Structure formats: structure tokens, C-alpha cells
Amino acid sequence: MWGRRKHARRSVAAVPELCDLCGRTFPPEEAVCGHVADSSAMNPDDPLHDGLRRVTACCEAHLEAVRAAYRERPFVQEELWAGKIGRVLTSGRPVLTMTELACRTGLDEPDIRRAIAWHNERRRHLDG
Ligand SMILES: [Zn+2]
């Protein structure tokens, strides 16, 4: 399904949108879009909106169903922070100090420690 996006058609406007619920593709002008709170959503181009995921659906009913599914998912603040930290650690200059990490993530040091603890705890669960 995702493969479609890689092959540019001759017409510029031909890249179809994809429904997040049923997977149907449709022209962009028919898309019903919204945003949902999702602590795993990272927006590299727009860090202020980390935690907000853009969702696309083929109709209002499907958009509402996608929204309902995300409402069921807990929003974990630490997951959001861990995402920001991970992005900083894996891009650009190496981070040498906690102060620099705080500066580049926009987080306070206690938040960073909580996020790292959450991340390690989850890793233990996944490994065990
Ligand atoms: Zn749909």
C-alpha cells in the first residue's frame, strides 16, 4: 500500500491519500483530516506539535472511528519526552551534557530523568 507513494505519477496531484481506518485510497481533495493526541507522534519539522498526529480518513465516520481508537490509547507524557530525547540524540551534533540535552529538547532536567527511567523500564519489559 505504501509503495504507491514512491512511484510518482506524471501528474503532480496524483499522489493519493490513504484512509487510516480502512486503507482505501482517494484523491487528496476528498480527504477528511483531523488531529489526535498521540504521545508517540513526533513531528521533526514542527517539534512544538510533537504528540499530535495528523490522521486522514475517507469520510467523517472513519475519521471519528480513528479518533475513538486514539482516545482509547493512553497519552504517556514520558513517551512524548523520550521521543524528543531520542530525536536529539540521533540527529545533529552529539549531546555532551545534560544541560545541552535540556536545551535542545526544550525539557527540564527532571522531565528528562523521568523520560529516561520510563524508556529503560519499557525496554526491560520488552526484553524480558
Ligand atoms: Zn475509510
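In this predicted model, the four donor atoms around the zinc ion subtend angles of 97 to 117 degrees, and the arrangement is therefore tetrahedral, given that four donors count as tetrahedral if all angles lie between 85 and 135 degrees. The protein atoms that serve as donors are the SG atoms of Cys19, Cys22 and Cys58, together with ND1 of His62, and they lie 1.9 to 2.3 Å from the zinc ion.

Along the sequence, these donor residues follow the spacing C-x2-C-x35-C-x3-H. Cys19 sits in the loop between strand 1 (17-18) and strand 2 (25-26), while Cys58 sits in the loop between strand 4 (52-57) and helix 2 (60-72), so the pair ties together parts that are 39 residues apart in sequence. Buried means under 20% relative accessible area, and because its relative accessible area is 3%, Cys19 is buried; Cys58, with a relative accessible area of 13%, is buried as well.

Turning to another part of the model, helix 4 (residues 98-105) packs against helix 5 (residues 109-127) at an angle of about 95 degrees, and their axes are 9 Å apart. Since angles of 65 to 115 degrees count as roughly perpendicular, helix 4 and helix 5 are therefore described as roughly perpendicular to each other. On the side of helix 4 the contact is made by Met98, Leu101, Ala102 and Thr105, and on the side of helix 5 by Glu109, Ile112 and Arg113. Sorted by class, the residues in this contact of helix 4 with helix 5 are four nonpolar, one polar and two charged.

Definitions and conventions: Residues are numbered from 1 along each chain as its sequence is written. This is a predicted model: local features need pLDDT of at least 70, side-chain atom pairs count only at pLDDT 80 or more; totals for chains, interfaces and linings use all residues. Side-chain values use heavy atoms; hydrogens and water are left out. Axes are lines fitted to C-alpha atoms, for helices over the stretch in contact, and angles run from 0 to 180 degrees between N-to-C directions. Helices (H or I, at least four residues) and strands (E, at least two) are DSSP runs, numbered from the N terminus. Angles under 35 degrees count as roughly parallel, over 145 as roughly antiparallel, 65 to 115 as roughly perpendicular and the rest as oblique. Contact means heavy atoms within 4.5 Å. Ala, Val, Leu, Ile, Met, Phe, Trp, Tyr, Cys and Pro count as nonpolar, Asp, Glu, Lys and Arg as charged, and the others, Gly among them, as polar. Donors are N, O and S atoms within 2.8 Å of the metal (3.2 Å for Na, K and Ca); water is not among the atoms, so sites may look incomplete. Four donors count as tetrahedral if all angles lie between 85 and 135 degrees; four count as square planar and six as octahedral if opposite donors are over 155 degrees apart and all others between 65 and 115; anything else is irregular. Buried means under 20% relative accessible area, exposed over 50%, partly exposed in between (1.4 Å probe, protein chains only).
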